[in-house]
Amino acid sequence: MSGLSRLAVLGAGHVGPVIARLAIKAGYPVAIATSGDPEDIALITELVIPGAQPRWASDAVAEADIVVLAIPLHRFLDVDPALLNGKLVVDAMNYWPVSDGALEPFEDGGSSEVVAGRLAGSAVVKALNHIGYHELEDRARPAGAPDRRAAGVAGDDPAAVATIAGLVDRIGYEPVRLESLRAGRVLQPGGPVFGVVLTRPEFERAVREDARSLA
Ligand SMILES: NC(=O)c1ccc[n+]([C@@H]2O[C@H](COP(=O)([O-])OP(=O)(O)OC[C@H]3O[C@@H](n4cnc5c(N)ncnc54)[C@H](OP(=O)(O)O)[C@@H]3O)[C@@H](O)[C@H]2O)c1
């Protein structure tokens, strides 16, 4: 037993497997699920995410301390909030109208604030959404590495943010804490750190200089 929190990663597309692999490497027990039968991803999981357990989403979540949402935002709208009740939820999703279609609830403001509003019984932390899946793995470095990069962690619950900052640190990034989900808007598409992989000073400067961080 690693003693680390148990993770459920919902989503086995581009980014879910990368997050799962990084977490396994860091010592976390990890289950991964799609919306369907875990048998369908058993072989690919064994090959691509060795060590991860393919599960039904409900089973993975029930046994998890931390649930990572790595599913398209339009699919999230079909998720029953009761499934995630009482869980610490990492929102790694982005509103991407080109693939999500226009989603009225997400047209203005912060997507994670909308997610948190729907998941009233969960602690929602925005993280791992702003680095592309291919880079997320390539750029991960242990603490102290000179070329270690930063990753934002935003939330309204300081204890939840601290836990996810620990996860981000262990999987290979300097966690930069943002004091609210609202402040986490800087992490979303169009924001100053979305899609760029920055050192901590670069990241903090970009966030500081962004007018939204002052709003
Ligand atoms: N791609 C990236 O580089 C990247 C990086 C950071 C964040 N993100 C964000 O992460 C989210 C996912 O992106 P992606 O590119 O990984 O998507 P993707 O390749 O389309 O994969 C989506 C995965 O979610 C699963 N899924 C859908 N509904 C589900 C549900 N209710 N429960 C469990 N699993 C479900 C799908 O499987 P089934 O359809 O079989 O259920 C599929 O495995 C998006 O919001 C994206 O903006 C992406």
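**Aromatic pairs and a ligand pocket**

Mentor: By the ring rule, the count comes to two aromatic pairs in this structure. This is a predicted model, in which local features need pLDDT of at least 70 and side-chain atom pairs count only at pLDDT 80 or more. Residues are numbered from 1 along each chain, and side-chain values use heavy atoms.

Trainee: What makes Y95 and F106 an aromatic pair that is tilted?

Mentor: Their centres are 6.0 Å apart, and rings of Phe, Tyr and Trp (its six-membered ring) pair if their centres lie within 6.5 Å. The angle between the planes is 35°; under 30 degrees counts as stacked, over 60 as edge-to-face and the rest as tilted, so this pair is tilted.

Trainee: Why does the pair tie together parts that are 11 residues apart in sequence?

Mentor: Because Y95 lies in the loop between β5 (88-91) and α5 (97-100), and F106 in the loop between α5 and α6 (111-118).

Trainee: How do you know that H14 makes a polar contact with the ligand?

Mentor: A polar side-chain atom of H14 lies 2.8 Å from an oxygen atom of the ligand. A polar contact is a pair of N or O atoms within 3.5 Å, so H14 qualifies.

Trainee: What about the backbone of N94?

Mentor: One of its N or O atoms lies 3.1 Å from a ligand oxygen atom, so N94 qualifies too.

Methods
A polar contact is a pair of N or O atoms within 3.5 Å; within protein, one must be able to donate a hydrogen and the other to accept it, and residues adjacent in sequence count only if both atoms are side-chain atoms. Helices (H or I, at least four residues) and strands (E, at least two) are DSSP runs, numbered from the N terminus.
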